[in-house]
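Welcome to this tour! Open your viewer, switch to a cartoon view, and get ready to select a few pieces one after another.

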Amino acid sequence: MEDIEAIAVLQDPVRRRLYEYVVAQDHEVSRNEAAEGAGVQRTLAAFHLDKLVDAGLLVTESRRLTGRSGPGAGRPAKLYRRSGGERHVSVPARDYRTAADLLAEVADRARLDVELRAAAAREGRAVRAAAGPIEDLDAVRAVLSARGYVPRADADGVVLRLVNCPFHVLSERHPALICGMNLALLEGLIEGVEGLRAYMDPRPAMCCVAVADSKNNDH
């Protein structure tokens, strides 16, 4: 029921815009920034941001944005970022996570990583065929957004970093197996696309894989 209630919170269009804006950023977001990003007034943003916190979708901390302390430093600002929790809803209840974990454990013990990567590459090619032509990072970004990766281009626009890993729980328990699968999936997706390359780039709270435009980058 908690998962259902949390997801129901996102039915409000303002809350959904605020949530999507906060999740897409590479830093903690203030109320002022969130309001501007979502195109709403600050007081309205503050109300809905706190509703998202109550639902467990965002977490907060308070920090002075000036970097100063003591008298005259100003009040700490309330900052928001995505919660590390996951929400799953199915009616009636299903337990696909346990099944996936058991299958991953068996594949890990049986050293089926080569077979898994081959299957993932085929899936990536199938996704590309269904999505249509993929010629640049923008097209990759659109496909990966639809699959839950939350891709974000770096400042130069030549490396696509993935803020969310759709296989997060499994990757924590079976990192070599699942990250290898993830890499093969993206390699299959961009196979044959000149200049694009997927590579391992594990970072805290992000996906283990990134995609670079090698025509304009040394990756």
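We will begin with the whole chain and then visit a few parts in turn.

**Before you click**

This is a predicted model, in which local features need pLDDT of at least 70 and side-chain atom pairs count only at pLDDT 80 or more, while totals for chains, interfaces and linings use all residues. Residues are numbered from 1 along each chain as its sequence is written, and side-chain values use heavy atoms, leaving out hydrogens and water.

**Stop 1: the whole protein**

Show everything. The protein has 9 helices and 7 strands; these are DSSP runs, with helices being H or I of at least four residues and strands E of at least two, numbered from the N terminus. Of its 219 residues, 38% count as buried. Here buried means under 20% relative accessible area, exposed means over 50%, and partly exposed lies in between (1.4 Å probe, protein chains only).

**Stop 2: a three-stranded sheet**

Select residues 29–30, 58–63 and 77–82, which are β1, β2 and β3. These 3 strands make an open sheet in the order β1-β3-β2, with antiparallel pairing. β1 and β2 are the edge strands, each pairing on one side only. Two strands count as paired if DSSP finds at least two bridges between them, and β1 is joined to β3 by 2 bridges. To see one such bridge, highlight V29 and its partner in β3, Y80. In general, strands of a sheet pair through backbone hydrogen bonds, either parallel or antiparallel.

Now add residues 42–54. This is helix α4, which packs on the sheet and touches β2 and β3; contact means heavy atoms within 4.5 Å.

**Stop 3: helix α6 and its two sides**

Select residues 113–131. Helix α6 has 19 residues and reaches 26 Å from its first C-alpha to its last, close to the 27 Å expected at 1.5 Å a residue (the expected span is 1.5 Å times one less than the number of residues).

Which residues of α6 are buried? Colour A120, A121, G124 and V127 to see them. They lie on the same side of α6 because they cover an arc of only 120° around the axis, judged by the directions from the helix axis to the C-beta atoms. The buried residues of α6 pack against α7 (137–146) and α9 (175–190). Turn to the other side of α6, and you will find V114, A129 and A130 exposed. Just after the helix, G132 takes a positive phi of about 100°.

**Stop 4: strand β5 and its partners**

Select residues 159–162. Strand β5 is covered on both faces: V159 and R161 on one side, and L160 and L162 on the other, are all buried.

Add β4 (residues 151–153), which pairs with β5 in the antiparallel sense over 3 bridges. A153 stands opposite L160. The two strands form a hairpin with 5 residues between them, and G157 in the turn has a positive phi of about 75°.

Next, bring in β7 (residues 209–213), joined to β5 by 3 bridges and running antiparallel to it. Here R161 has A210 as its bridge partner.

**Stop 5: a proline in a loop**

Where is P166? Look in the loop between β5 and α8 (168–173). P166 counts as partly exposed because its relative accessibility is 35%. Not counting residues up to four places away in sequence, P166 touches R147, G148 and Y149. Try a distance label between the C-alpha atoms of P166 and R147: they are 7.8 Å apart, although 19 residues separate them along the chain.

Technical notes: Axes are lines fitted to C-alpha atoms, for helices over the stretch in contact, and angles run from 0 to 180 degrees between N-to-C directions.
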